[in-house]
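Me: I'd love a close look at one open space in this protein: the second largest pocket. Could you walk me through what surrounds it, and then set the enclosed spaces beside it?

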Amino acid sequence: MTITAPSSSDFDDEDFTPSSTGRANPYPGADRKEWTDRFAEALEADTSLPRSLIDAIAAYVPQPKQYVHRQDGVYRLKPQTLQEDGGLKILSVRAHGFAGSPGEYNERIRGDFHSPLRPDARPDYVLPALTTGRTAGRPAPFLTTTDPVDLNRQACLLDLMDESLNAADGDRGYRLVEDIEIYGQKEVTLHAPFVRQINEQTDTGSRIRAVPDLTAIKGANRSRARLALFGLSVRDIVFGLRPYAHMGISRKDDPRSADPTYWVPILANLLQDAFDDPDHPGHTIAMRAQNVATVPIQIIVGATNLEGFHNSVFDPNRVDHRRPPLDYKLAEKAASDLRAILREAVNYGELEEPERAWLAGEAPDPAPEPGEDLVDARDRRDRKLFDIVFPDSKERRRLIRRVLGEPAPSQTGRRHVDNRMRMISAVVSDGYGHRWNPRVLDGLLPTSSIKDATTYAPDVTWADLLASASRGDEKALETFIVTRGMHWLAEHKIVEADRGSVGAQTHELDDEAETRRIRRTMNSVRSALKVQPKRTIGLMRELAHAANTRGEPRQVDVDGQPLDGTRASRAWFDEAFPKGPARRRTPRPGPSDDPGQPEPTPQQKLLAARGTFETAVTHGLVKAFADVFSTAKELDDAATEADAVALPDNLTETVTKVLGDALAAARKDLLGLGTVLQVLQHGGSDPAYFVSECAVFFDEEADR
């Protein structure tokens, strides 16, 4: 449930304390163990599931008291809780939002796995055979595999499942995780108990570890999206989770566990605490997943034909996937929201229609200023848009909240701030030569920006901010980067927001730059720009010059001076303004069931090798050639100063031969790289293709 703001006349901005989330805590936490046990006993009486699996199911059910009633002194499930449907006995409960996981046996993606009958089948891509579980020698309503599955093979299977579900999710035309974050889950998912048997190596040999799971029969993508909102994945369910560390809390007694009876109650209580406490390290997770804090789910706990349970359990038909109310690309949705605000501003007399059309990108400037260049003109429009979205009066703030359906200021958070910034970015780009991903401003404003009534001075121009920044004003530089700099960089495709959903992506891609792209967040870009203020100011002035002259921006040196004959590209930017080191928590060992961790999967090794090759070509190779020409120029300058020939004819034969051999080897390797690229793109490799003449040259030189 989402609580929207009451009528603007009912309250002022100050009526809500900044620490309040503005809605009742949706997280119930873990229930009292006695009621969880009573629920488990009642379920055990109505199904033949083993008690260990029943306890795992019960751990996911908050407030179990509502599903049982006392009958003849014994607690039993209420009739509506357990019902028969198509030969299956289905338990219907409201569970913690992180209950249930996607499964590799999903009927929709099974074709992506290798058949065991395939001659060239890769064992790691063949689904292990399923069978019906057994309790005391009799069939029971849960899935398991006929044989234990190797730890690393299981990791490969989960990777392939993720790739397949990603492709299936992309077909829907919108990003499901964002849809569920905003709207919650409206369709119930159906799950089956699955006891995974993981074969893993220990210091003393090997062991078979049983992992209880609730694999999705219907709603695999929805289950995966829910887990993602909690920062989880199916790998956490299978290979173990440290619940305190996951919520940002460091403590010694935080073992990694794949036992739901251990980690589920802890995580449930941590989420409940985090939601009410903005300073809690897990507050962001709790806020993001609040609309799926608990969800209705169905669990298959019985069947008419238990012998064939592992087949009949997949019989239920799939339901259509829900779409959001407006099936727009993110950029169009964001621009539509801002245009709605502009229309409402006209209705309230805040804007005249010609100015509204100009700001909306639908008409030219109705009042251009004489002598104004392109950058100054678009900056005037950009400032006006920021002023409209982050106004300085209570009346205008109320108008925006009402149009956007936002809650009271004290209830707003990251999602609302980023939404406003995307609105601005989407409409601002109409005035530039290239429309970019509006996520380019994501995360750059504090979460409390709406609560704090943040405003931007509409009369302070881009030139004013850079002038202040050049005098050491760090706040002016920060403001410029957020309100102008990121857009200016995006215009020239020097930075691009993380691709996000398919609908959010720009359609104008620079293929060459894309191949050299280093993935980084917009906060990483901002931080890198702030580290080198002089270079940043020089780059921004060069971008303004390029926009006014319709030219390509040049690179700038560390002092901010443009370098003739160069072009400021994404690859150059990532090298000139490098990412800072990532902060990682040091893992803390502790007692646990100590689930083993898989080795890197082939997909992970492929991604790492691909990145290493791209870096070797786009940075190592290019830099090597640049260094050769640079040192050649230094040699030429030195020869000129000495009034001599740099490499005279009488130079020793050995030096001349070595130079000739080295250049010949490099020339052959350059020709060979074309063949290597063809092989890497289309296959058909021969070991001889990957023999470097330069490597041979090095070996021969080393032997001399």
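Reply: Here is a walk around that pocket, followed by a visit to the enclosed spaces.

What you see is a predicted model, where local features need pLDDT of at least 70 and side-chain atom pairs count only at pLDDT 80 or more, while totals for chains, interfaces and linings use all residues. Residues are numbered from 1 along each chain as its sequence is written, and side-chain values use heavy atoms, with hydrogens and water left out.

First, the setting: the chain contains 24 helices and ten strands (DSSP runs numbered from the N terminus, H or I of at least four residues for helices and E of at least two for strands). Of its 704 residues, 46% are buried, that is, under 20% relative accessible area with a 1.4 Å probe, protein chains only.

Now the pocket, which holds about 850 Å³ of space. On a 1 Å grid over the protein atoms alone, a pocket is an open set of points with protein on both sides within 12 Å along at least five of seven lines, and lining residues have an atom within 4 Å of a point. Its volume is the space filled by probe spheres set on the points, which are joined across faces, edges and corners.

Its lining has 27 residues, and nearest the centre you will find Phe625, Val628, Ala662, Ala666 and Cys694. Helix 22 (602-641), helix 23 (653-682) and helix 24 (693-703) each give two or more residues to this lining. Helix 22 provides the largest share, eleven residues. By type, the pocket's lining has 21 nonpolar, four polar and two charged residues (Ala, Val, Leu, Ile, Met, Phe, Trp, Tyr, Cys and Pro count as nonpolar, Asp, Glu, Lys and Arg as charged, and the others, Gly among them, as polar).

Next come the cavities, where a 1.4 Å probe fits but cannot get out. There are seven of 30 Å³ or more, and the largest has a volume of about 80 Å³. Eleven residues line that largest cavity, with Pro391, Arg397, Arg420, Ile450 and Ala453 closest to its centre. Its lining is made of five nonpolar, two polar and four charged residues.

One of those names leads us to helix 14 (residues 394-404), where Arg397 is buried along with Arg396, Arg398, Leu399, Ile400 and Arg401. Just after helix 14 comes glycine 405, with a positive phi of about 70°.

Conventions: Buried means under 20% relative accessible area, exposed over 50%, partly exposed in between (1.4 Å probe, protein chains only).
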